[in-house]
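Today I opened my notebook to look at empty spaces and aromatic rings. Here is what I looked up, entry by entry.

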Amino acid sequence: MKIIFARHAEPDYLHDTITEKGKREAKLLAERLAKTETDEIYVSPLGRAKDTAAYTLEKTGKTAVQLDWLQEFKGRIITPEGIVSCWDRLPENWTVKDEYYSHDLWYKTPLMKTLNVKKEYEYVCEKTDRFLEEHGYKRDGRLYRVTDSNHKTIVFFCHFAVECVILSRIFSISPMILWHNFVALPSSVTTIVSEERKKGAAQFRCTGFGDVSHLYVGGEEPSFAARFCECFEDDTRHN
């Protein structure tokens with residue numbers, strides 16, 4: 001089985017939609033996904049994901065099923081600056097703690113326990129497990145028992161932070177690593193596939209993370225959204 005994560009195009013967060021540039025990105029993404037034989041499409045309930053998916057749905061004539069747990073990850077923490085998302089921490093604040101690198105311990109740190117991170121993380125993990133089991137892959141420890149081996153291709157139109165949470169569950173790694181050491185730019189494509197090297201036992205591997213080749217094909221420069229300044233002196237995003 002193959003799962004394709006399509007991040008929403010360049011966002012207009014204020015209006016929960018996509019920008020004019022985002023519309024161009026979404027059209028190019030649709031051109032790309034239309035070339036893939038897709039069995040099922042699922043979409044976040046948030047506007048920026050649904051508006052991105054609309055171009056692919058129109059081009060392919062397919063429909064999407066809305067899944068609440070594909071919305072942006074809702075884990076929050078309490079800091080001196082107020083209540084903020086748990087998935088944007090300065091490097092010097094998390095890399096010094098070994099627990100943040102642990103799949104089982106990262107959300108048990110004092111900071112992550114200040115609000116709802118554990119609850120939200122376990123919710124998305126449980127939904128991920130249930131989805132995969134319904135599609136023939138039942139979680140057993142850190143691998144999957146195959147009950148219905150298949151070649152289905154599934155597309156999720158969703159968001160960067162929740163994509164990383166889902167991948168962290170499937171790969172049994174801390175999402176902190178994915179949130180902070182990887183970046184999926186707007187309209188990017190991440191692909192994972194199952195491998196059943198011994199009958200009945202499978203794992204998933206990533207064949208591409210945050211790929212934006214469809215933008216280059218269409219002559220569209222990738223958005224800087226989701227990135228931070230490359231050098232501190234740069235006149236780009238610092239926070």
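**Entry 1: ring pairs.** Before looking, I noted the rule: rings of Phe, Tyr and Trp (its six-membered ring) pair if their centres lie within 6.5 Å. I also kept in mind that this is a predicted model. My search of the whole structure turned up 15 aromatic pairs.

I looked up Phe5 and Phe156 next. Their ring centres are 5.6 Å apart and their planes stand at 70°, so I wrote the pair down as edge-to-face. Phe5 sits in strand β1 and Phe156 in strand β10, so this pair ties together parts that are 151 residues apart in sequence. Both Phe5 and Phe156 are buried.

Then I turned to Tyr42 and Phe131. Here the centres are 5.2 Å apart with planes at 85°, so this pair is edge-to-face too. Tyr42 belongs to strand β4 and Phe131 to helix α4, 89 residues apart. I checked burial as well: Tyr42 is buried at 11% relative accessible area, and Phe131 is buried at 7%.

Which residues do ring pairs link into a cluster? I found Phe5, Tyr42, Trp69, Phe131 and Phe156.

**Entry 2: cavities.** I found two cavities of 30 Å³ or more. The largest has a volume of about 40 Å³. Trp69 turns up again here, since its lining includes Trp69, Phe73 and Tyr123. I sorted that lining into four nonpolar, one polar and four charged residues.

The second largest cavity holds about 30 Å³. Its lining has four nonpolar, three polar and no charged residues. Helix α2 and strand β10 each supply at least two of them.

Key: Residues are numbered from 1 along each chain as its sequence is written. This is a predicted model: local features need pLDDT of at least 70, side-chain atom pairs count only at pLDDT 80 or more; totals for chains, interfaces and linings use all residues. Side-chain values use heavy atoms; hydrogens and water are left out. On a 1 Å grid over the protein atoms alone, a cavity is a set of points where a 1.4 Å probe fits but cannot get out, and a pocket is an open set with protein on both sides within 12 Å along at least five of seven lines; lining residues have an atom within 4 Å of a point. Grid points are joined across faces, edges and corners, and a volume is the space filled by probe spheres set on the points. Ala, Val, Leu, Ile, Met, Phe, Trp, Tyr, Cys and Pro count as nonpolar, Asp, Glu, Lys and Arg as charged, and the others, Gly among them, as polar. Helices (H or I, at least four residues) and strands (E, at least two) are DSSP runs, numbered from the N terminus. Rings of Phe, Tyr and Trp (its six-membered ring) pair if their centres lie within 6.5 Å; planes under 30 degrees apart count as stacked, over 60 as edge-to-face and the rest as tilted. Buried means under 20% relative accessible area, exposed over 50%, partly exposed in between (1.4 Å probe, protein chains only).
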